[in-house]
Amino acid sequence: MSHIMEIMGKTRVVVKNGKVIEVGESELEWCPLIDKLSGVQKITSEEVKKNVESKIRDYGMFTTKRQLLGHDTFVAFGASEIMMSGLRSGFLDATVTACDGAGTVISGNPELVQGIGGRMSGLVETEPIENVIDRIQKLGGIVLDTKTASIDPVGGVKKAAELSYKKVAVTTADSTTAKKLRKLEAEFGLDLIVIAVHVTGVSNEEAQGLLENSDLVTGCASKYIRELAKPIIQVAAAIPLFVLTQKGKELIIERIKDIKSPLLITTTELPVVPRHKQPRELK
């Protein structure tokens, strides 16, 4: 049983039977967010391996011991944190996200959404872990495909529509999927919020497609997202989150309501991307 994720500069990592068996090369030398959260000033294969091993050890990732409920936030405006706040306030009915050991999950449980997503980065492929799937279902989550644990945002949104959810947030990492999601929104009469994540290394064309079909886009280490984005709100400067639509703005406001620390809000020309704060080797 193997699982594949991309983490810390889109480094490909393969995990099998709870052990890291393969680590690729990072596309980045340094990332301000990784430095802030983990103290890693140079991204190497060894540092990536240590990071994933800590996730396995501390959170049971890729194993039957996977921790599924989350209350703590890892970053103030991460995708899972934003969706958690949207669910708590009733702004969202459900979310469609991916979990290791389960694949696509539809959920209206804010703590489950944070537990799944707060620790996950760039899940590319996973295989079903029966214990994880069973516990997700007991917590009110719906696993789209219990036999294959497929990662299928489009199928997840279709399932959410069949369950009569209307206000749905979904994460995606590619423009083809984002375009399909927009078509589904019209077909099923949904109020859909598309959140583009994991965009390091995307091409100019791919970046444009994501920006045209998403409500929120994480900047990651993408120079094209930074160059092409025309946000109405930007959160952070080093690894920016770009808010592109009015409903994306309204969702961000729900997250702001949950933030306990002081916030600076001002008006300015966007985007703001000070060079010294950006990841080294923007792709």
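**Group meeting talk: two sheets, two cores**

Let's start inside. Strand E9 is largely enclosed by the rest of the structure, because five of its six residues are buried. E9 spans residues 191-196. Keep in mind that this is a predicted model.

Now, the neighbours of E9. Strand E8, residues 167-172, pairs with E9 in the parallel sense, over six bridges. One pair to look for: Val168 stands opposite Leu192 in E9.

Zoom out to the sheet. E8 and E9 belong to an open sheet of eight strands. The order is E7-E5-E4-E8-E9-E10-E12-E11. The pairing is mixed. Which strands sit at the edges? They are E7, residues 142-143, and E11, and each pairs on one side only.

Stay in this sheet for E4 and E5. They run antiparallel, joined by five bridges. E5 covers residues 103-107. Find Cys99, and its bridge partner in E5 is Gly103.

Next, the cores. As a general point, nonpolar side chains in soluble globular proteins tend to be buried together. Here, the largest nonpolar core has 27 residues. Val96, Val157, Val170, Leu181, Leu192 and Ile225 have the most contacts inside it. Which elements each supply at least two residues? Three strands and three helices: E4, E8 and E9, with H6, H7 and H8. Helix H6, residues 153-162, gives the largest share, four residues.

There is a second, separate core of 20 residues. Among its members are Val15, Val52, Ala98 and Met120.

Back to Ile225 for a moment. Leaving out residues up to four places away in sequence, Ile225 touches Val199, Val202, Ala207, Leu211, Val217, Thr218, Gly219 and Phe242. Two of those names, Ala207 and Leu211, come up again in helix H8.

So, H8. This helix runs from 204 to 213. Its buried residues are Glu206, Ala207, Gly209, Leu210, Leu211 and Asn213. What covers them? The cover includes H7, E9, strand E10 (216-218) and helix H9 (223-228).

Now the other sheet. Four strands make it, in the order E3-E2-E1-E6. This sheet is open, and its pairing is antiparallel. E3 and E6 are the edge strands, each pairing on one side only. E6 is residues 123-125. From one strand to the next, the twist averages 30 degrees.

Take the pairs in turn. E1, residues 2-7, joins E2 through six bridges, and the two run antiparallel. His3 has Val15 as its bridge partner in E2. E2, residues 11-16, joins E3, residues 19-23, through four bridges, again antiparallel. Val15 also stands opposite Val20 in E3. And Val15 is one of the residues in the second core.

What lies on this sheet? Helix H2, residues 45-59, packs on it and touches E1, E2 and E3. The direction of H2 makes about 155 degrees with that of E3.

Next, a helix pair. H3 is residues 79-89, and H4 is residues 110-117. Their axes are 8 Å apart, at an angle of about 175 degrees. Angles over 145 degrees count as roughly antiparallel, and H3 and H4 are therefore roughly antiparallel to each other. On the H3 side we have Ser80, Glu81, Met83, Met84, Leu87 and Arg88. They meet Pro110, Glu111, Val113, Gln114 and Gly117 in H4. By class, that contact has five nonpolar, three polar and three charged residues.

Last, some backbone details. Met8 is not a glycine, yet its phi is positive, about 50 degrees. Met8 is in the loop between E1 and E2. Is Met8 buried or exposed? Its relative accessible area is 6%, so Met8 is buried.

Ala149 also has a positive phi, near 55 degrees. Ala149 lies in the loop between E7 and H6. With 1% relative accessibility, Ala149 counts as buried. Asn17 has a positive phi too, near 50 degrees, in the hairpin of E2 and E3. Two residues sit between the strands of that hairpin.

For contrast, look at Ala236, in the loop between E11 and E12. Ala236 is partly exposed, with a relative accessible area of 49%.

One cis peptide bond to finish: Leu270 to Pro271, with omega near 0 degrees. Pro271 comes in the segment after helix H10 (246-258).

Technical notes:
Residues are numbered from 1 along each chain as its sequence is written. This is a predicted model: local features need pLDDT of at least 70, side-chain atom pairs count only at pLDDT 80 or more; totals for chains, interfaces and linings use all residues. Side-chain values use heavy atoms; hydrogens and water are left out. A nonpolar core is a set of buried Ala, Val, Leu, Ile, Met, Phe, Trp, Tyr and Cys residues joined through side-chain atoms within 4.5 Å. Buried means under 20% relative accessible area, exposed over 50%, partly exposed in between (1.4 Å probe, protein chains only). Contact means heavy atoms within 4.5 Å. Axes are lines fitted to C-alpha atoms, for helices over the stretch in contact, and angles run from 0 to 180 degrees between N-to-C directions. Angles under 35 degrees count as roughly parallel, over 145 as roughly antiparallel, 65 to 115 as roughly perpendicular and the rest as oblique. Ala, Val, Leu, Ile, Met, Phe, Trp, Tyr, Cys and Pro count as nonpolar, Asp, Glu, Lys and Arg as charged, and the others, Gly among them, as polar. Two strands pair if DSSP finds at least two bridges between them.
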